[in-house]
Amino acid sequence: MGVTDVLIVGAGPTGLVLACDLARRGAAVRIVDRSPVPPRTSRAKGPNARSLEILDDLGVAEEVLAAGAAPLPMLKYRDRLPVAETDPWADSAPSPDTPYDRGRLIAQWRLEEILRDRLAGYGVRVELGREVTGLAEGPGGRHVDVTFAEGRTERARYVVGCDGAHSSVRKLLGIGFEGTTAEDQVMVCGDVDLADGALDRTRWHQWFDEDGAVMLCPIPGTRTGWWFQAGPERDGRGRPLAPTADGFRRLLARHTALPGPALTRAELLSTYRVNVRMADRFRAGRVFLAGDAAHVHAVAGGLGMNTGIQDAFNLGWKLGLVLAGHAGPELLDTYEEERLPVAARTLDLTSERLRATLEAIRRPGGGLDAAITPDTTGLGVGYRWSSLARGLAEVRAARDDERPAPRPGDRAPDAPCVDAATGARTRLHRVFAGPRTTVLGFGPGSAAVLREVAAAYGDAGVRTCRVYAAHEDRAESGPGEAVVDDEGHAAAAYGRGASDGTGTSTSTVVVVRPDHHLGLSAPAADARSVHAYLHRLHGAARSAERFSGIGGRRR
C-alpha cells in the first residue's frame, strides 16, 4: 500500500490553499471531497487583505483581483427609501508596507476554481465523491490509515481535516466542538438573479426595517447575479421558514421598492444560524483540523473563510519542513500553539462585531459597515507568544521613536525597493514569495552572517537577501539576493538603522518565516542566535562551525 505524505479532507478554500502550498514544496499531497461535483457556494464574499497576501504568495492574486471587484459602498434604506450611504474604505489606502489595504469581492466558487486550476498545475486534482468514514493510527504511529465510504483503506503520513463545521474528521477523532448556537439569530441566503437594471450594481444595498431585512450585493463576474441575504419568513408560531425562491420574492416585495418578479432565479439556498464553536484541540497525533472544522463564528466581519486560509498557510510550511526531513516533528506542535489563540480571539471579535451590527441596524442609516474594523483585515494577526518568536529584547532596543518596530511573531511588513542586480522595481513580499525562509540583512555588518547562512543553509530552503540603503557601497556583492531600499521604506518598516551606513553597531539580521511572519531579530554580531533559529526550522547546517568565528552569545 502506497503512502501519501498529506491527505487533505475537504476541497474548500482552506483545503485548496493547503494543497497548493504543499504541492509546490514537492510533497505528495492528495485532496478529497465528499461532494460528487466541485462544491458551489457563494456565501463567503472574498479574501481579506491578509488572505490576498497569501494568495499573492501562491501566485494567484492577479487572477483573483481580475475576477473580483473592490469592496462596494453600502447604500442603506429604511421603509424602502434610501437614508444613508457609507464607504467603509473611504479613508483607507495602500501604503508601502501594506499594498493590500482591503479585501476583494469574489464568489467563493470562483475563488475555488482559481485555486483548483493552480493545484492542477502541480499535477494534483481534487478527488470528488470520496467520503472519509474511518481513521486509525498505523503500526508504530508512522502513518494514518484512512477508510473511505466505498470500503477502501489508504495510508497517509498526515491527514488534515478541512471539511467544514460538520467535519467528519473531527467527529472521528472524538474532538469536542464546544460553544453555542443562537437559534433566534437566523438568516436565509442564496444566489439570485435580478432583472437587468433593477438595481445599481456599484452599491451593496441594505434594507433594515423593524420587522426584517434584505441585503443584496452584486456578484462580480456576473451581469445580473446578486448575493441575497435576509431575515427569514416565519410561520404563525414565529418559527423561521426554509428559504425558497418564492419566499425570497415575498421578502423582496416587502422590504424593497422592487416587485417580487424582479427576482428571476434563486439557487444555493441555505439557512444560516449564528454558531460560535471551537475545537478543544487542533491536532490528534498525525491528524490536524483547519478552517471551519476547527472553529466557527459569527459571520460579521467576513472572517470565516479568511481564518481558514490563514490556518492553512500556517500549517503548510511546517508540514513541508518536517516532511523534507529538515525540522523535527515537534515543529508541528506550534500549529495549535499559534492558531488556537487566534481562533479564540476571532470568536470574540466576530461576536462583538455582530453585537455592534445588530445595535447599528436598529437606527435608520445603520448597516453592515459596523462589522468592519482594522481587525477584520487580518493584517494585525501575529504570534508574539509563540515559541517560534525570538529576539524580543533586540527589537525593543532597536527603535526608540514613536513608530514601533515589528516584533518577532508579527506579520513581516512589505516595502517597495529595487532589485540590485537588474534595477527593476520589486518589493520585499516578492522576495519572500515561495516556500522558503528568508534571512534579511540590514547594514554592512550583516554581510558576513548572510554569507555563512547561504553556505550552510542555501540548499535547505533558506534564501538570503541583503537590504542596501540607497547610499551604501554595493561593490562587494555577496551570495543570495540583494535589494536597494532606495526610498528608505524597508528600514522604516523594520525599524532598522541600516540607512545611516555607519557600521556594524546598527546592523541587524531578521529571519522571516515562510508564512511572512518575523521569526527572529538579532544584532548581526549575534550569529549564533541566527544559527540556532535556522537549526530549529531547517536542521543542522552543512558546517555548524561556520558560525563559530562570528562573535555573539548563545541562546
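Over which residues does pLDDT stay under 50, with 34 contacts in the model beyond four places in sequence? Select residues 543-555: that is the stretch. Here pLDDT is the predictor's confidence in each residue, from 0 to 100, and a contact means heavy atoms within 4.5 Å.

**Before you go further**

This is a predicted model, in which local features need pLDDT of at least 70 and side-chain atom pairs count only at pLDDT 80 or more, while totals for chains, interfaces and linings use all residues. Residues are numbered from 1 along each chain as its sequence is written, and side-chain values use heavy atoms, with hydrogens and water left out.

Colour the protein chain by pLDDT: the average is 91, and 93% of the residues score at least 70. Now pick residues 392-402, where the pLDDT is below 50 and the model has 21 contacts beyond near neighbours in sequence.

**The whole chain**

Zoom out to see the full protein chain. Along the principal axes, its C-alpha atoms fill a box of roughly 80 × 55 × 35 Å. The radius of gyration, taken over C-alpha atoms, is compared with a globule rule of 2.2 Å times the number of residues to the power 0.38. The protein chain has 25 Å, which agrees with the value near 24 Å for a compact globule of 555 residues.

Switch to a cartoon and you will find 13 helices and 23 strands. These are DSSP runs (helices H or I, at least four residues; strands E, at least two), numbered from the N terminus. Of the contacts with a separation of 6 or more, 70% are between residues 24 or more positions apart.

A surface view shows about 22,200 Å² exposed by the protein chain, with carbon and sulfur atoms supplying 49% of it; areas come from the Shrake-Rupley method with a 1.4 Å probe, and for residues only the protein chains shown count as cover. Buried residues make up 55% of the 555 residues, where buried means under 20% relative accessible area, exposed over 50%, and partly exposed in between (1.4 Å probe, protein chains only).

**Stop one: helix α1**

Select residues 13-24. This is helix α1, with twelve residues and a reach of 17 Å from its first C-alpha to its last, close to the 16 Å expected at 1.5 Å a residue; the expected span is 1.5 Å times one less than the number of residues. Twelve of the twelve residues are buried, so α1 is largely enclosed by the rest of the structure. Among the buried residues are Asp21 and Arg24.

Show the surroundings next. The buried residues of α1 pack against β1 (3-9), β2 (29-33), α2 (49-57), α4 (108-120), β8 (153-161) and α7 (304-323). After the helix comes glycine 26, with a positive phi near 85°.

**Stop two: around β8**

Several strands pair with β8, and two strands pair if DSSP finds at least two bridges between them. Begin with β1, which runs parallel to β8 and is joined to it by six bridges; valine 6 stands opposite tyrosine 158 in β8. Strand β7 (residues 144-148) runs antiparallel to β8, with four bridges, and valine 144 stands opposite alanine 156. In the hairpin of β7 and β8, four residues lie between the strands, and glycine 151 takes a positive phi near 100°. Strand β15 (residues 287-289) runs parallel to β8 over three bridges, with glycine 161 paired to leucine 289.

**Stop three: two charged residues**

Centre on arginine 30 in strand β2. Arginine 30 has 21% relative accessibility and so counts as partly exposed. Beyond residues up to four places away in sequence, arginine 30 touches Thr4, Val6, Leu7, Ile8, Glu127, Arg130 and Glu154.

Move to glutamate 53 in helix α2. Is glutamate 53 buried or exposed? Glutamate 53 is buried, with a relative accessible area of 2%. Its contacts, again leaving out residues up to four places away, are Pro99, Tyr100, Leu379, Arg411 and His429.

**Stop four: the eight-stranded sheet**

Finish with the open sheet of eight strands, ordered β4-β3-β10-β11-β12-β9-β13-β16 with mixed pairing. Its edge strands, each pairing on one side only, are β4 (81-86) and β16 (295-296). Inside the order, select β9 (residues 177-194) and β13 (residues 263-279), which pair in the antiparallel sense over 14 bridges. One pair to highlight is glutamate 178 with its bridge partner in β13, methionine 278.
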